Structures are given as C-alpha cells and as structure tokens.
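Look over the sequence and the model shown below before reading on. The paragraphs that follow go from one residue to the sheet, the helices and the whole chain.

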Amino acid sequence: MKNIKISVHPLAAAGIFLLCTVIPQSRAFGIIAAVLCHEAAHVFAGRLFSMKVRRAVLLPLGISFEMDAPRSYAAEFAVAAAGPLINILICALIKTGLVPLSAGVDELFMFSASFAALNLMPIRSLDGGTMLLSATSAVFSQDTAERLLDISGAAALALLWLVGIYIFFYGTENFTLLIFVSFMFAAAVMKSDGSAKKQNMS
C-alpha cells in the first residue's frame with residue numbers, strides 16, 4: 001500500500017463543496033456510501049486476480065482506485081462488474097427490510113441504484129464500457145470491439161443527456177440526482193485513460 005500514488009481530480013473541490021454545503025446530510029451519506037462500496041468491490045475483485053492498487057484518485061463524489069492491468073478478458077470483465085454488482089446487492093438488501101429504514105438508508109438505495117445504472121452504461125471509462133469491450137474483444141477483433149464500444153457509447157451519452165434534461169425540467173425532487181449524474185458524467189468524460197494496454201489477453 002505504501003507505493004500507491006494519490007492524485008486529485010480537477011472537480012474534486014467542487015464536489016466536496018456540494019457535499020458539505022448544498023446537499024443534505026442524508027443524501028451526502030447515500031452518495032459517499034454508494035461510491036465507497038462500489039470502489040471497494042472493484043479492489044476486492046482485483047485482489048482475487050492478483051491485481052495491485054497503483055493509484056488512488058480523489059473524485060468529485062468519492063474516490064477511485066487504479067489497479068494493474070488484468071491478465072485476461074475474464075478478469076477484466078469480473079473486476080469491472082464487481083462495482084455495479086455490489087450496488088445492486090445493497091439495493092436488494094435494503095428492499096428485504098433487514099436494514100432499518102431511515103433517511104440515509106433511503107438515499108443509499110437511490111444512489112446505489114443510480115450509480116449502478118450509470119456505471120453499467122456502455123461508455124468508455126465506465127464499468128459498462130469496460131465490460132462490453134472485454135466481452136466483445138474475446139469474440140471479435142480488437143478494432144471491431146473498439147468500434148462497437150464507440151457506437152454504443154455515443155448512444156448511451158445521448159440517452160444520459162436526455163435524462164439529465166428531463167430531470168432538470170421535470171424532476172423537482174430529484175435535483176440532487178441531477179447534480180450527482182452531472183458530476184459523474186463530467187468525471188467519466190475527463191477521466192484520463194491511464195491504464196496500461198492489455199497484455200497476455202486470452
């Protein structure tokens with residue numbers, strides 16, 4: 001762990017400001033808990049495939065960990081899927097009624113569901129994009145997989161913009177969700193693709 005590099009996203013300060021001043025405490029808890037559980041699942045899955053954490057990035061609404069490049073498409077898919085999966089499992093656990101309901105738990109459910117849905121979109125640098133690229137690369141050529149990702153990513157971004165516009169004009173109770181989606185969208189777009197190129201893929 002001592003070799004992990006730490007960096008700060010350009011929008012991190014703005015995100016922290018929103019969490020501390022604009023967003024209610026219960027919603028801030030829901031956002032932070034959903035993001036931290038998501039990233040912890042990625043790290044846990046990565047460790048199962050002997051991938052070490054190399055860098056931690058402070059994001060507008062949480063933290064992200066960059067790990068060694070996976071050694072197979074299966075490992076890449078599994079590590080990417082772990083984040084959205086834990087968010088879905090959190091939602092399922094809350095729905096069972098085993099977790100005492102509170103304002104914070106309600107917000108955790110909403111943002112876990114939102115975070116899972118957002119990250120499952122087939123956009124480059126999001127989990128859905130990584131899952132699609134690894135799955136299609138195992139079947140088709142790398143160039144074909146890249147083209148499929150670009151096409152699906154463009155469609156997903158258009159859909160994301162439409163959802164944001166709808167929330168802005170019609171979702172009076174979901175303004176915080178708009179902020180959340182906007183910052184995660186900006187983080188995805190601005191996130192540099194610093195991961196090493198795939199090696200020894202099979």
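Is Val8 buried or exposed? The model is a predicted one, and in it Val8 has a relative accessible area of 58%. Residues count as exposed when this value is over 50%, so Val8 is exposed. The residue belongs to strand E1. Together with Ile16 and Leu58, Val8 makes a nonpolar patch on the surface, with an area of about 240 Å².

Strand E1 leads to the sheet. In general, the strands of a sheet are paired through hydrogen bonds of the backbone, and the pairing can be parallel or antiparallel. Here the sheet is open and has three strands, placed in the order E1-E2-E3, with mixed pairing. Its edges are strand E1, residues 5-8, and strand E3, residues 62-67, each of which pairs on one side only. On average, neighbouring strands in this sheet are turned by 20° against each other, if direction is ignored.

How many bridges join E1 to strand E2? There are four, and the two strands run parallel; E2 covers residues 53-59. In this part of the sheet, Ile6 has Ala56 of E2 opposite it.

A helix is also placed against the sheet. Helix H2, made of residues 25-48, lies across E2 and E3. With respect to E3, helix H2 runs at about 15°.

Further along the chain comes helix H5, which spans residues 127-137. This helix is mostly covered, since eight of its eleven residues are buried. Which residues of H5 are buried? They are Asp127, Gly128, Gly129, Met131, Leu133, Ser134, Thr136 and Ser137. Val8 in strand E1, by contrast, is exposed.

These parts can now be placed in the whole protein. It has seven helices and three strands. Along the sequence they follow the pattern β-α-α-β-β-α-α-α-α-α. Of the contacts in the protein with a separation of 6 or more, 70% are between residues 24 or more positions apart.

The last values concern burial and surface for the protein as a whole. The protein has 202 residues, and 45% of them are buried. Its accessible surface comes to about 11,400 Å². Carbon and sulfur atoms account for 68% of that surface.

Conventions: Residues are numbered from 1 along each chain as its sequence is written. This is a predicted model: local features need pLDDT of at least 70, side-chain atom pairs count only at pLDDT 80 or more; totals for chains, interfaces and linings use all residues. Side-chain values use heavy atoms; hydrogens and water are left out. Two strands pair if DSSP finds at least two bridges between them. Axes are lines fitted to C-alpha atoms, for helices over the stretch in contact, and angles run from 0 to 180 degrees between N-to-C directions. Contact means heavy atoms within 4.5 Å. Patches are made of residues with over 30% relative accessible area and no salt bridge: like charges are joined within 9 Å, nonpolar side chains (Val, Leu, Ile, Met, Phe, Trp, Tyr) within 5 Å. Accessible areas come from the Shrake-Rupley method with a 1.4 Å probe; for residues, only the protein chains shown count as cover. A salt bridge is a side-chain nitrogen of Lys or Arg within 4 Å of a carboxyl oxygen of Asp or Glu. Buried means under 20% relative accessible area, exposed over 50%, partly exposed in between (1.4 Å probe, protein chains only).
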